[in-house]
Amino acid sequence: MVGITETVLRDGHQSLIATRMRTKHMLPALERLDAVGYRTIEAWGGATFDVSLRFLHEDPWERLRTLKRGMPNTPLQMLLRGQNLVGYRHYADDLVEKFVAEAARQGIGVFRVFDALNDPRNMEVALKAVKRTGAVAQGTICYTQSPVHTLEAFVRLGTTLAEMGADELCIKDMAGFLPPTEASQLTKALITNVGLPVVLHTHSSSGMSTLSCLAAADAGATAVDSALSPFAGGTSQPPTETLVGAMRGTPTDPKLDLGALADLAEYFQTVLEHYRPMLNLRSLQTDPGILVHQVPGGMLSNLLSQLQEQDQLARLPEVLQEIPRVRADLGYPPLVTPTSQIVGIQAVVNVLVGERYKQITREVRDYVRGLYGHPPGPLDPELTKKVLAEAKAISGRPADLLEPEFAKAVAEVRALVPSADTAEALSYAIFPLVYKAYRTAKDDGLTPDVLNAVAVGVVGALRTAKPVVALPAVARPAAAGVSPWAHEGRARLQAGRRMVDAARRRDRR
């Protein structure tokens, strides 16, 4: 029997509607989700933490407590970015340990721990912290294709993660181009050589995800990830109902009730209707081109936004050709947060400036110096020489350079909120500016319900009022459709954009 990890409460809506599902829309389904018999329900982590505070004005910790109360019988799972936690930089070890302990205390039973570079040093502290809580530590292998990402290399990584204490292994195919044959081979190799349970997480971007999940299941996978059909397909996971139906009556049968799943799908269809304005049709489309350029759906959306802001959308083909070259120069990092941002933004800069690495982003400089971890393969010698001429590389674990952070965060947050507890201190430590804005809005009475009411009132007024000026022929994309991943990328792009504009002005002189 193969278990199912349901992702509708996390990656399903993160992939399709920019992580905007509110807690109140999850509540009516909790009892039924809990009764299905899922192996786990992924409900937290990833971008949900950032978006809850930044855009939804919800407390992510309160969401976790609420979900656990509503689903007491099913283990809740979260996605943890190793030393990056749920943020976009490395955090000190004490913060990692505090975060894991608090997340476990408030309801997380399975921690899926990954690192964008597959650098075990960036996962070790988190994995050990999970083990101390008694929760399940799921060590993650970010799947990608390159000359250095071989079957043997993936098995070595799996062995290392097992030695660090991982209870399970996850094959994380974030771009959705893992072929069924490789899904089978990798699953078998990990089971045979490492001896831990193997779970497959993939996306439907290229159209191969259902086939790959079935192949992994036949090869002995313990579980596969899927999303209820309204939030499945495209850049999300394969549909839960489809996988359950395909395996029914076979040795891999998950033995879940299709009627109960259909009932849940009907509910989440009504939820999707609420968020339909945020649903980008492109997110639902199959894109076999990913088999060539390997750019995940979220990364592609961000590239489109960046180029559109620069009025250079027609140059997307050039950027897609440049991305593999930049990735090769950087030692073939998997394209997942934050390395997808690092590679993507540098590729855009290279194309728009018209000369490769004439302008090098701060993130690429830090990456080359080793501040993100150990690259999977060798770096381009010329790029390395150019960067290291200005600053030396580090050879150790990046987090070893960081001073303890938690005590300082507690002192600072309690200057703002005297009654702040550990969870609030962690929110502040990871996203200080976002947390301050969240608290200000909350203190001013701008709760999610108030914000919704204001939005509805504004929309209603606009619909009934007589227009005094003509609307522009082409409207800009709604800000609500910007994912936190894109938000971060755009924010970082502004610095690069100024460099690009400055370079152009110099070239015109």
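A polar contact is a pair of N or O atoms within 3.5 Å, and within protein one of the two must be able to donate a hydrogen while the other is able to accept it. One such contact, at 2.8 Å, joins the side chains of Thr 240 and Ser 226 in this structure, which is a predicted model. The protein has 509 residues, of which 57% are buried, and its secondary structure comes to 24 helices and 8 strands.

**The protein as a whole**

- Among the contacts in the protein with a separation of 6 or more, 77% are accounted for by residues 24 or more positions apart.
- The accessible surface comes to about 20,900 Å², and carbon and sulfur atoms hold 56% of that surface.
- The structure holds 28 salt bridges, a few of which are described further below.

**Helix α6**

- Helix α6 covers residues 93-106, which makes 14 residues, and the distance from its first C-alpha to its last is 20 Å, close to the 20 Å expected at 1.5 Å a residue.
- The buried residues of α6 are Leu 95, Val 96, Phe 99, Val 100, Glu 102, Ala 103, Ala 104 and Gln 106.
- After α6 comes Gly 107, a residue whose phi is positive, near 140 degrees.

**The surroundings of Thr 240**

- Thr 240 lies in helix α11, which covers residues 240-247, and Thr 240 counts as buried because its relative accessibility is 0%, where the cut-off for buried is under 20%.
- Besides the polar contact with the side chain of Ser 226, the side chain of Thr 240 reaches the backbone nitrogen of Leu 228 at 3.3 Å.
- When its neighbours within four places in sequence are left aside, Thr 240 is in contact with Ile 4, Glu 6, Tyr 38, Ser 226, Ala 227, Leu 228 and Leu 261.

**A salt bridge between distant parts of the chain**

- Arg 89 and Glu 405 meet through their side chains in a salt bridge, with an N to O distance of 2.8 Å.
- This pair links distant parts of the chain, 316 residues apart: Arg 89 is in the loop between β3 (76-80) and α6, while Glu 405 is in the loop between α19 (381-388) and α20 (406-416).
- Arg 89 counts as partly exposed because its relative accessibility is 35%, whereas Glu 405, with a relative accessible area of 16%, is buried.

**Other salt bridges**

- Asp 400 and Arg 397 form a salt bridge in which the closest N and O atoms are 2.8 Å apart; Asp 400 is exposed, with a relative accessible area of 54%, whereas Arg 397 counts as buried at 13% relative accessibility.
- In the salt bridge between Glu 412 and Lys 408, the closest N and O atoms are 2.7 Å apart, and both residues lie in helix α20, where they are 4 residues apart, about one turn of the helix.
- Of these two partners in α20, Glu 412 counts as partly exposed at 30% relative accessibility, while Lys 408 counts as exposed at 55%.
- Elsewhere, Glu 322, Arg 325, Asp 329 and Arg 356 are joined into one network by salt bridges that share partners.

Key: Residues are numbered from 1 along each chain as its sequence is written. This is a predicted model: local features need pLDDT of at least 70, side-chain atom pairs count only at pLDDT 80 or more; totals for chains, interfaces and linings use all residues. Side-chain values use heavy atoms; hydrogens and water are left out. Helices (H or I, at least four residues) and strands (E, at least two) are DSSP runs, numbered from the N terminus. Buried means under 20% relative accessible area, exposed over 50%, partly exposed in between (1.4 Å probe, protein chains only). Contact means heavy atoms within 4.5 Å. Accessible areas come from the Shrake-Rupley method with a 1.4 Å probe; for residues, only the protein chains shown count as cover. The expected span of a helix is 1.5 Å times one less than its number of residues. A salt bridge is a side-chain nitrogen of Lys or Arg within 4 Å of a carboxyl oxygen of Asp or Glu.
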